[in-house]
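Biologist: I would like to learn how to read the two sides of a helix. Please take me through an example.

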Amino acid sequence: MSSKIHNISIDCHDTYALAGFWSQVFDCPRQPDDFPGDPEAMLLPPGGPEVLFIAVPEGKAVKNRLHLDLQPADRTRAEEVERLLGIGAVHVADQIGPTGGGWVVLADPEGNEFCVLGSAAERAAAAAARAAAQDREPA
């Protein structure tokens, strides 16, 4: 028997505020029993595991060892990055390659990094561009 992901936990100082940011990222509401000052808050993103925000006293000190990779469902990577910056994300790094593949690294309001990949169409176009470039290389 194997395990499955029940929830993803994110340590933070302000569970309510951070859940508010991520509720906009995932386009899902906060739970009705979550309030400012609560030690925990929960989101139920459609199609994904629950996301649990847990209050901890210490701040984030180093790069995440685990992070979320987001793929926009109905817009381009650039449009999604612009939307996320508009709701409070911070740009950390751009890892987009010359053929359009790659990702953009952002951080949430408490500094937790996450990546925004290209949409399915963008990823397919980048893969086709890489394949075409390989076909042009001499053997």
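Modeller: Start with the outward side: Ala78, Glu82 and Gly86 of helix 2 are exposed. Keep in mind that this is a predicted model.

Biologist: Which residues of helix 2 are buried?

Modeller: Helix 2 spans residues 77–86, and its buried residues are Arg77, Glu80, Val81 and Leu84. These cover an arc of only 100° around the axis, so they sit on the same side of helix 2.

Biologist: Why do residues three or four places apart point the same way?

Modeller: An α-helix has 3.6 residues a turn, so that spacing brings them back to the same direction.

Biologist: What covers the buried residues of helix 2?

Modeller: The cover includes helix 1 (15–26) and helix 3 (120–136), along with strand 4 (68–70), strand 5 (90–96), strand 6 (102–107) and strand 7 (113–117). Just after helix 2, Gly88 has a positive phi of about 120°.

Biologist: Helix 1 is part of that cover. Is Ser23 in helix 1 buried or exposed?

Modeller: Ser23 counts as buried because its relative accessibility is 12%, and the cut-off for buried is under 20%. Its side chain reaches the backbone oxygen of Gly20 at 2.7 Å. Beyond its neighbours within four places in sequence, Ser23 is in contact with Cys28, Pro29, Arg30 and Leu43.

Biologist: What does Gln95 contact, leaving aside its neighbours within four places in sequence?

Modeller: Gln95, in strand 5, is in contact with Gly101, Gly102, Trp103 and Val105. The C-alpha atoms of Gln95 and Val105 are separated by 7.4 Å, and the two residues are 10 residues apart along the chain. With a relative accessible area of 41%, Gln95 is partly exposed.

Notes. Residues are numbered from 1 along each chain as its sequence is written. This is a predicted model: local features need pLDDT of at least 70, side-chain atom pairs count only at pLDDT 80 or more; totals for chains, interfaces and linings use all residues. Side-chain values use heavy atoms; hydrogens and water are left out. Buried means under 20% relative accessible area, exposed over 50%, partly exposed in between (1.4 Å probe, protein chains only). Helices (H or I, at least four residues) and strands (E, at least two) are DSSP runs, numbered from the N terminus. The arc is that of the directions from the helix axis to the C-beta atoms. Contact means heavy atoms within 4.5 Å. A polar contact is a pair of N or O atoms within 3.5 Å; within protein, one must be able to donate a hydrogen and the other to accept it, and residues adjacent in sequence count only if both atoms are side-chain atoms.
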